[in-house]
Amino acid sequence: SVSIKLNGVELEKDINNKDINALFYKNHTDAETFEINTSQNPVDGENTIEVSVTNNAGITETKTQKVYIDTKKPQVSNFEIKKVHGDVVSKVINFLTFGIFCNDQVKITVTATDEAATSGIKEITLYADSEEIATVPVNSDGKSTFVIPTDEIVGENKVFDKVLSATATDNVGNVTADKVSPNSNNSNAKSSGLMIETVDPTVSV
């Protein structure tokens, strides 16, 4: 006999409507194939398939296999903004209620999280306004680091003046539902606007 359980529930047929516990003892059977899909009794996260086979001598062997279903969208949880050629950002960037101002390249580290028993985070995408800046694979801590602008700043210019946001993608293609921007709760900044300029101020009398 053959018994196949999916998450503790015994299945009567496979996905092709083939009887699982057929009367195999009536004929000599060396092997039999069944197609099982987790859609027959799914749970999000860990799914356990248990197969038991008993021969005509009454000897039973059981094997289990765990597979995972991930339908949860990952979350962008934190932004850390630092000046590339300086110390911690709070010492070199003015955090104003209406934006983040700097005169050099900025390093932005974005952290994403996924719930337990999921496929894990694959990559994070950073946006400036609605334009994608880059997509970077995460490290072992679920973090990706970006540098804005990508080229070193030369001369006096306003080189960046946009609103930042990010999304995360997990290893099965689930993407953060909505773009997330830095704020006082999820970052060391007070708002999502970033301006980088090297234009010296002028005084008129």
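I take helices (H or I, at least four residues) and strands (E, at least two) as DSSP runs, numbered from the N terminus. On that basis I find one helix and 13 strands in this protein, which I keep in mind is a predicted model.

**Overall layout.** I read the elements along the sequence and noted the pattern β-β-β-β-β-α-β-β-β-β-β-β-β-β. I then looked up burial and found that, of the 205 residues, 34% are buried. For the surface I obtained an accessible area of about 12,400 Å², with 46% of that belonging to carbon and sulfur atoms. I also checked contacts between residues at least 6 apart in sequence, and 62% of these join residues at least 24 apart.

**Sheet with strands 1 to 4.** I traced an open sheet of four strands in the order 2-1-3-4, where the pairing is antiparallel. Its edges are strand 2 (9-10) and strand 4 (60-69), each of which pairs on one side only. I looked more closely at the pairing of strand 1 with strand 2, which is antiparallel and runs over two bridges; there I noted Glu-10 of strand 2 as the bridge partner of Lys-5.

**Two asparagines in loops.** Which backbone angle drew my attention to Asn-7? Its phi is positive, at about 55 degrees, although the residue is not a glycine. I located Asn-7 in the loop between strand 1 and strand 2, and because its relative accessible area is 24%, I list it as partly exposed. Asn-17, also not a glycine, has a positive phi of about 65 degrees, and I found this residue in the loop that lies between strand 2 and strand 3. Is Asn-17 buried or exposed? Its relative accessibility is 54%, so I enter Asn-17 as exposed, the cut-off being over 50%.

**Strands 5, 8 and 11.** I next followed the pairings of strand 8 (residues 106-113). With strand 11 it pairs in the antiparallel sense over six bridges, and with strand 5 (residues 75-83) it pairs, again in the antiparallel sense, over eight bridges. Which residues stand on either side of Val-110? Phe-79 stands opposite Val-110, and in strand 11 the bridge partner of Val-110 is Ser-144. I also recorded Val-147 of strand 11 as the bridge partner of Lys-107. Why do I describe strand 8 as largely enclosed by the rest of the structure? I do so because six of its eight residues are buried.

Strand 11 (residues 143-148) gave me an alternating pattern of side chains. I find Ser-144, Phe-146 and Ile-148 pointing to one face and buried, whereas Lys-143, Thr-145 and Val-147 point to the other and are not buried.

**Largest pocket.** How much space lies in the largest pocket? I obtained about 420 Å³. There are 22 lining residues, and I noted Val-2, Phe-24, Thr-29, Val-53 and Thr-54 as the closest to the centre of the pocket. The elements that give two or more residues to this lining are strand 1 (2-6) and strand 3 (45-54), and I record that strand 3 supplies the largest share, three residues. Sorting the lining by class, I have eleven nonpolar, nine polar and two charged residues.

Technical notes. Residues are numbered from 1 along each chain as its sequence is written. This is a predicted model: local features need pLDDT of at least 70, side-chain atom pairs count only at pLDDT 80 or more; totals for chains, interfaces and linings use all residues. Side-chain values use heavy atoms; hydrogens and water are left out. On a 1 Å grid over the protein atoms alone, a cavity is a set of points where a 1.4 Å probe fits but cannot get out, and a pocket is an open set with protein on both sides within 12 Å along at least five of seven lines; lining residues have an atom within 4 Å of a point. Grid points are joined across faces, edges and corners, and a volume is the space filled by probe spheres set on the points. Ala, Val, Leu, Ile, Met, Phe, Trp, Tyr, Cys and Pro count as nonpolar, Asp, Glu, Lys and Arg as charged, and the others, Gly among them, as polar. Two strands pair if DSSP finds at least two bridges between them. Buried means under 20% relative accessible area, exposed over 50%, partly exposed in between (1.4 Å probe, protein chains only). Contact means heavy atoms within 4.5 Å. Accessible areas come from the Shrake-Rupley method with a 1.4 Å probe; for residues, only the protein chains shown count as cover.
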